[in-house]
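Colleague: I am new to this structure and would like to go through it with you step by step. Could we look at it together first?

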Amino acid sequence: MTALRPARAEREALADLMVQLGPDAPTLCTGWTTRDLAAHLVVRERRPDAAPGILLNPLRDRMERVRAGTARAEPYDTLIEKLRNPPWWSMSAVAPIDVGINTAEFFVHHEDVRRAQPDWTPRELPPATESALWSRAKAMGKLGLRRFPATVVLHSPGYGETKAGRGGPEVRLSGPPGELLLFCFGRQRAAQVNVVGPDDLVDRLRTARLGL
């Protein structure tokens with residue numbers, strides 16, 4: 001059997017976990033249950049009139065209204081089915097675009113659900129997934145840390161390292177690709193990353209607002 005590409009595998013695993021936990025389970029997304037997160041992902045993929053609000057602050061309120069309305073109006077089973085099966089006309093239907101826009105998205109949100117549960121444990125990820133996550137971690141590090149007042153080195157044993165930040169004293173982040181990606185996506189408290197550097201910068205980095 002052909003292995004699923006990482007973006008699709010994470011989508012399927014997230015949908016399965018959401019079914020298992022039900023609509024009211026907590027997530028790492030502040031204030032959101034699994035129902036809220038499912039609605040966010042459905043709107044992101046199926047509502048091009050609202051989805052730009054994910055990235056553009058002036059449109060964020062509209063995005064949130066559409067997401068909240070979708071969460072209220074759609075049965076949970078319907079949300080999960082839509083999450084599992086993106087429409088044929090969406091960007092997710094094109095494999096190279098799916099890899100580019102969904103690998104990080106579905107991995108991070110899968111972990112948002114997993115790590116909000118009291119009995120979660122780290123996963124051992126397939127090499128293809130780790131490699132894909134390293135690519136996304138490098139890109140997200142440069143984007144999310146671009147204003148941080150230090151040289152931030154992201155190091156992943158077996159994958160390499162890259163530099164981000166504005167320059168200056170060095171802070172070094174070390175860990176598996178997925179953990180570095182979670183850190184750079186603003187999940188610093190949940191990410192299992194070793195952070196070494198000047199104490200004031202380490203403390204600032206651990207609480208900085210990162211991500212998109």
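Modeller: Before we start, buried means under 20% relative accessible area, exposed means over 50%, and partly exposed is what falls in between, with a 1.4 Å probe and protein chains only. Helices (H or I, at least four residues) and strands (E, at least two) are DSSP runs, numbered from the N terminus. This is a predicted model, in which local features need pLDDT of at least 70 and side-chain atom pairs count only at pLDDT 80 or more, while totals for chains, interfaces and linings use all residues. Residues are numbered from 1 along each chain as its sequence is written, and side-chain values use heavy atoms, with hydrogens and water left out.

Colleague: How many residues of α7 are buried?

Modeller: The buried residues of α7 include Pro-177 and Cys-184, with Leu-181 and Phe-183 also among them. Their cover includes the helices α5, α6 and α8 as well as the strands β1, β3 and β4. The helix is thus mostly covered, and the count of buried residues is eight of eight.

Colleague: Which helix gives the most to the largest nonpolar core?

Modeller: A nonpolar core is a set of buried Ala, Val, Leu, Ile, Met, Phe, Trp, Tyr and Cys residues joined through side-chain atoms within 4.5 Å. The largest one has 29 residues, and Leu-145, Val-171 and Leu-181 are among those with the most contacts inside it. At least two residues of this core come from each of α5, α6 (127–144), β1 (151–156), β3 (170–174), α7 (177–184) and α8 (199–207). With five residues, the helix that gives the most to this core is α7.

Colleague: How many residues are in the second, separate core?

Modeller: Leu-14, Ala-39, Ala-71 and Val-113 are included in the second core. This core is separate, and its size is 17 residues.

Colleague: Which are the edge strands of the sheet?

Modeller: Two strands pair if DSSP finds at least two bridges between them. Four strands form an open sheet with mixed pairing, in the order β2-β1-β3-β4. The strands that pair on one side only, and so are the edges by that definition of pairing, are β2 (160–164) and β4 (194–196).

Colleague: In what sense do β1 and β3 pair?

Modeller: β1 has β2 as an antiparallel partner, over five bridges, and Val-152 stands opposite Ala-164 in β2. On the β3 side, His-155 has Ser-174 as its bridge partner. The pairing of β1 and β3, again given by five bridges, is parallel.

Colleague: How many bridges join β3 to β4?

Modeller: One place to look is Ser-174, whose bridge partner in β4 is Asn-194. β3 and β4 run antiparallel, and the number of bridges that join them is three.

Colleague: Where does helix α5 bend?

Modeller: The bend at a residue is the angle between axes fitted to the seven residues ending there and the seven starting there. Of the 20 residues of α5, 14 are buried, so this helix is largely enclosed by the rest of the structure. Helix α5 (residues 95–114) bends by about 50 degrees, and the place is Asn-102.

Colleague: Is Phe-106 buried or exposed?

Modeller: Phe-106 lies in helix α5. Contact means heavy atoms within 4.5 Å, and, not counting residues up to four places away in sequence, Phe-106 touches Ala-7, Glu-10, Arg-11, Leu-14, Leu-41, Arg-44 and Leu-83. Its relative accessible area is 1%, so Phe-106 is buried.

Colleague: What is the relative accessible area of Glu-10?

Modeller: Glu-10 has its place in helix α1 (residues 6–21). Leaving aside neighbours within four places in sequence, Glu-10 is in contact with residues including Phe-106, His-110 and Arg-123. Glu-10 is buried, because its relative accessible area is 5%.

Colleague: What radius of gyration does the chain have?

Modeller: The secondary structure of the chain comes to eight helices and four strands, and 47% of its 212 residues count as buried. The radius of gyration is taken over C-alpha atoms, and the globule rule is 2.2 Å times the number of residues to the power 0.38. A compact globule with 212 residues would have a value near 17 Å, and the chain agrees with this, since its radius of gyration is 17 Å.
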